[in-house]
Amino acid sequence: MTFFGWATIAIFALVLTACAYPLGRYMARVYGGEGVFLTPLLGRPEAWLYRIFRVDPRAEQDWKAYARSLIVFSLVGWLLLYVVLRTQTLWEFTGLNPLHYHSATWDVTFNTTSSFLTNTNWQYYSGETTMSYFSQMAGLTVQNWLSAGVGIVVAVALVRGIVGRSGKSLGNFWQDVVRTVLYVLAPISIVGALILVSQGVIDNFSSYLTAHTVTGLTQTIAMGPVASQEAIKLLGTNGGGFFNVNSAHPFENPTGFTNFFEMLLVLIIPAALIFMYGRMTGNRRQGYAIYGAVMLMFLGAVAVAYVAEAHGSPAQHAAGLHTHVIAGSGGGNMEGKEQRFGIAGSALFDVITTVTSCGAVNSAIESYTGIGGAVPMANLSASEVIFGGVGTGLYSILLYVLLAVFIGGLMVGRTPEWLGKKLEVREIKLAGLGILITPLAALFCTAMATATNAGRESISKVAAGGPQAFSETFYAYLSQANNNGSAFAGYTGYIQPAAGNLGAHGVKLADVLGGSTMMLARYAPILFALAVAGALAGKRVSPAGLGTMRTDNPTFVVLLIGVIVIVGALTFFPALLLGPIVQGLTGHLY
Amino acid sequence: MSAEHTMGEAQARGRRAGRRPLRHDVVTAVIAMLVFTLLLGIVYPLAIEGVSQVAFPGNANGQPIYRDGTLVGSKIIGQAFESPRWFHSRPSATEGGPDNAAASTFSNLGPNSKLTREADEEQINEYLKLNEPYDKGLTVAKIPVDAVNSSASGLDPQISEANARIQAHRIAALRHLSLARVDSLIAKYTSARGLGFSGEPGVNVLELNLAIDRATTR
C-alpha cells in the first residue's frame with residue numbers, strides 16, 4: 001500500500017461527488033421538462049425525433065403502457081442486434097470488415113445479443129478476433145447507448161411514481177429515452193471520447209497493422225474505432241470491451257490519467273441519479289441519505305480489495321517473491337495487472353465496475369487474491385445497489401429503501417409510510433419479488449452449471465481441481481444475473497481455433513443459460529419496479545406525523561445498509577464460502 | 001386500475017395513452033431502432049473518428065513508431081525482446097507467443113494455484129539467470145513483482161523502475177555503456193503517475209530499447 005494509492009481513492013470519492021452533484025441537478029431539470037443550457041441547441045432535433053418516431057411526447061403513460069413500450073422497444077432492439085451480428089459478412093461492402101471475419105455461431109450470438117441488450121456486456125467472445133468494425137459500431141455501440149437509456153428511464157419512472165401526486169402517469173417512455181440520449185448521454189460521451197483520444201485511446205478504421213520489430217519478429221496490432229465505443233461503454237455502465245482484455249488494453253486505457261477519467265465516467269451517472277432523486281422528491285436529504293449509505297459501502301469494499309491485493313497471493317509467496325513496496329516498485333499481487341495502474345488503480349477500478357453494472361475490467365479478476373476476488377463477488381451479491389448500473393442502481397436501491405421502511409415500520413408497530421405514502425401489501429410483495437429474482441437466478445444457474453457435465457465444460461484448465469473452479473462458475477452466473485458483465489475470464493463459452501470465427505463453436509449450456517438469465521434478471525425486476533411505481537403513483541400523500549419514520553437521517557442510513565447486507569449475506573454467504581473465502585483463508589495451493 | 005383515487009387530468013390522459021394500440025408501439029420501436037442505429041452506430045462513430053484523425057492523428061492511429069521508414073511497433077503496445085541485449089518486457093500470456101497484439105488475453109492464473117507458483121518460479125529462475133551475472137547480489141527477494149507476474153493485457157508496454165534498474169546492469173555491460181548513461185535513458189523514458197497521483201510510474205520498454213540502440217551505434 002502506498003500514500004498515492006490511498007490518495008487516489010480519496011481524491012476519486014471527492015471528485016466524483018463534486019461532478020455528480022451538479023449533474024444530478026441537471027438531470028432533475030431534464031426529466032422535469034424544464035429547460036437546460038442545451039435546450040436551445042437540442043430542442044429542435046428532439047422535436048424532429050418525436051415526429052419521425054410518430055409519438056406524442058405529451059401523452060402520459062400509466063405503468064402498463066410505459067412497460068409495454070419498453071418491452072417492445074427492447075424486443076425490436078434484440079432482433080436487430082442479432083441480425084447485425086449474424087450477417088457480418090453481408091456488410092463487407094462498407095469496408096468495415098477489413099479482416100473478412102465471418103459471423104460468430106448462433107449460440108454465442110444469442111448470448112452476446114442478450115448481453116448487450118440488458119446492459120450486461122458479458123463477453124464469451126473476444127472482440128479483436130470475432131467482431132468486424134461494423135458489428136462493433138452499428139450493432140454493439142448502439143446498444144451501449146440504448147440499454148443505458150432504458151435503465152435510466154425506469155429509474156426516472158419509478159421516482160415519478162414515488163413522488164407523483166396526480167394519478168397514474170409515469171411520464172412517456174419515448175420522450176424519456178430521447179431526452180436521455182440527447183441531453184444526458186450524448187454530450188458527456190462525445191466530450192469523453194475526444195478526451196480519451198487526446199490521451200492515446202485509438203480511433204480509426206484501418207486494417208490491423210503489421211510491425212517489423214527490431215528483434216526481427218513481426219507483430220500484428222489490432223486497430224479499430226475504439227474511443228467512440230469506449231466512452232459510452234463506461235458512461236452507460238455497459239462494460240463490453242472493444243478488445244478481449246477490455247480496459248486493461250493499452251489502446252482502451254493508455255495511462256494513469258485515463259484510468260482515473262474512465263472510473264469517473266463509470267460512476268458519474270449512477271451517483272448523479274441519487275442526487276436527482278433527492279431533488280425530485282423535493283427533499284434533497286432523501287438523496288443524501290442514500291448517497292451516504294452507498295458511499296460508505298463502496299469505500300469499505302475498496303479498502304478491503306486494496307489491502308488484499310497489496311498483500312499479495314499465496315502462490316507468489318510460495319515462489320519466494322517479496323510483495324511489499326520497494327523503491328521503484330509498488331509490489332503486491334501484480335499477476336494480471338498493468339504497471340501503469342498499479343495495485344490501487346486496479347483495485348479501485350475493479351470495485352467501481354462491480355458495484356455498478358459496468359463490468360469493465362482493467363485487471364484480471366480471476367488472478368485476484370481470494371479476499372480481493374471476494375470483494376467483487378460481494379458487490380454483485382448486493383444486487384447492484386451500491387451505486388449500481390445507470391438507472392438499475394437507483395431503482396434497485398429504491399426497492400431496498402421500500403423494504404427498509406417496511407421493516408422499520410414493523411419494528412415501531414405502525415403502518416409504514418414513505419414520503420407520505422402508505423406502503424401496503426401489494427408494493428411490498430412486488431418489491432420483494434423484484435429484489436429476490438436476481439439472486440434466485442444466479443444461484444439456480446450456478447447449481448445447474450456446477451452439477452452438470454455440460455456446465456463443467458466451461459471451467460478453465462488453470463482453475464480445475466480447486467475452489468477456483470467453483471469461483472469461476474459462480475462468478476459467471478452472478479455476473480450475468482446481475483447484468484454486470486465482469487468475469488473470471490477463464491470461464492469459457494466460445495471456442496475459437498483461429499481469428500474470424502471459422503470452425504468456432506459455442507459451449508451451448510453456458511451460452512444459452514447465461515443469455516436467458518441475463519434477459520430474465522433484467523426485465524423481470526424492471527417490470528416489478530414499474531409495477532411498484534404504478535402502485536405508488538395513485539396513492540394519496542398524507543403529511544408526516546410525529547410517529548413517521550424519517551428516511552433522510554443517519555439512523556435510516558444504518559437501517560438501509562443493514563437490510564442490504566443481511567439480504568445479500570443470507571442469500572450468498574454459503575456460496576461465497578465455497579469459493580473465494582476458502583481461497584482467501586488458506587495458504588494452501590491447489 | 002382502481003377507482004378509489006381521484007381522477008386527475010394526468011390520469012385521464014394516462015388512460016387515453018394506455019389505449020394506444022400495440023401496433024403503434026411496434027411501428028415506433030422499429031423506426032426508433034433504425035434511426036438510433038443510424039445516429040448512434042454510424043454518425044457518432046464516424047464523427048468521433050473524423051475529429052480524432054484531424055485533431056490527434058498520432059494517438060488515433062496507435063502512436064506508431066518508425067525506424068528508417070519501417071514500422072517497428074506502437075509506442076503503447078508491449079513487445080517481446082528475447083535477446084539479453086535488450087530490456088525485457090513483462091511476462092505475457094497471449095497465445096502464439098508473448099505480446100501478440102492481435103489477440104490480447106489474461107493469464108487467468110489463480111492466487112492459490114500450483115500453476116501460478118510454477119509460472120512464478122520459472123520466471124524467477126530465468127530473471128536471475130539473465131541478470132544475476134551482471135548485478136551481483138541479486139536474489140529472489142529483490143526481484144520486483146512486475147518482472148515475474150504476467151500483465152493483464154499481455155501487452156503491457158511498461159516495466160517498473162526497479163525492474164529497469166536491475167536490467168540496466170546487464171544492458172550496460174553487454175552494450176559497453178556506462179551504468180549512469182543507461183540509468184539516465186531509463187529516467188528519460190519513465191512516465192510519471194497520472195495527474196501526479198493516479199497509477200504507478202513506468203518505463204516504456206520499446207522506446208528505451210530504441211534509445212539504447214541509438215546510443216550504441218553512435
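**Exercise 1. Find the bridge partner of B:Pro64 in β2(B), then describe the hairpin.**

In β2(B), B:Pro64 has B:Ser74 as its bridge partner. Before going on, note that this is a predicted model: local features need pLDDT of at least 70, side-chain atom pairs count only at pLDDT 80 or more, and totals for chains, interfaces and linings use all residues. Residues are numbered from 1 along each chain as its sequence is written, while chains are lettered from A and ligands numbered from 1 in the order in which they are written.

- Step 1. Take the strands. Strand β1 (residues 64-67) of chain B pairs with β2(B) in the antiparallel sense, over four bridges. Strands (E, at least two residues) and helices (H or I, at least four) are DSSP runs, numbered from the N terminus. Two strands pair if DSSP finds at least two bridges between them.
- Step 2. Add a second pair of residues. B:Tyr66 stands opposite B:Leu71 in β2(B).
- Step 3. Look at the turn. Two residues lie between the strands of this hairpin, and B:Asp68 takes a positive phi near 50 degrees.

**Exercise 2. Work out the strand order of the three-stranded open sheet in chain B, and say which helix packs on it.**

- Step 1. The order is β3-β5-β4 (chain B), with antiparallel pairing.
- Step 2. Find the edges. β3 and β4 (190-191) of chain B each have a single partner strand, so one side of each is left without a neighbour in the sheet.
- Step 3. Check one pairing. β4(B) and strand β5 (residues 202-204) of chain B are joined by two bridges in the antiparallel sense. B:Ser191 has B:Gly202 of β5(B) as its bridge partner.
- Step 4. Place the helix. α7(B) packs on the sheet and touches β3 and β5 of chain B. Its direction makes about 50 degrees with that of β5(B). Such angles run from 0 to 180 degrees between N-to-C directions, and axes are lines fitted to C-alpha atoms, for helices over the stretch in contact.

**Exercise 3. Describe how α6(B) packs against α7(B).**

- Step 1. Helix α6 (residues 179-188) of chain B meets α7(B) at an angle of about 145 degrees, with the axes 10 Å apart.
- Step 2. The crossing is right-handed: the near helix is turned clockwise from the far one by less than a right angle, whereas anticlockwise would be left-handed.
- Step 3. List the residues in contact (C-beta atoms, placed from the backbone, within 7 Å). α6(B) brings B:Arg181, B:Leu185 and B:Ile186; α7(B) brings B:Leu208, B:Ala211, B:Ile212 and B:Ala215.
- Step 4. Sort them by class. The contact has six nonpolar, no polar and one charged residues. Ala, Val, Leu, Ile, Met, Phe, Trp, Tyr, Cys and Pro count as nonpolar, Asp, Glu, Lys and Arg as charged, and the others, Gly among them, as polar.

**Exercise 4. Classify the packing of α10(A) and α13(A).**

- Step 1. Helix α10 (residues 284-311) and helix α13 (residues 370-381) of chain A pack at about 160 degrees, with their axes 8 Å apart.
- Step 2. That makes α10(A) roughly antiparallel to α13(A). Angles over 145 degrees count as roughly antiparallel, under 35 as roughly parallel, 65 to 115 as roughly perpendicular and the rest as oblique.
- Step 3. The crossing of α10(A) and α13(A) is left-handed.
- Step 4. Residues of α10(A) in the contact include A:Ala301 and A:Val304; those of α13(A) include A:Ile371 and A:Gly372. By class, there are seven nonpolar, two polar and one charged residues.

**Exercise 5. Describe the side of chain B that touches chain A.**

- Step 1. 108 residues of chain B are in contact with 125 residues of chain A.
- Step 2. α2(B) gives the most to this side, with 22 residues.
- Step 3. The classes are 51 nonpolar, 39 polar and 18 charged residues.
- Step 4. Check the confidence. The model scores ipTM 0.96 and pTM 0.95.

Notes. Contact = placed C-beta atoms within 7 Å.
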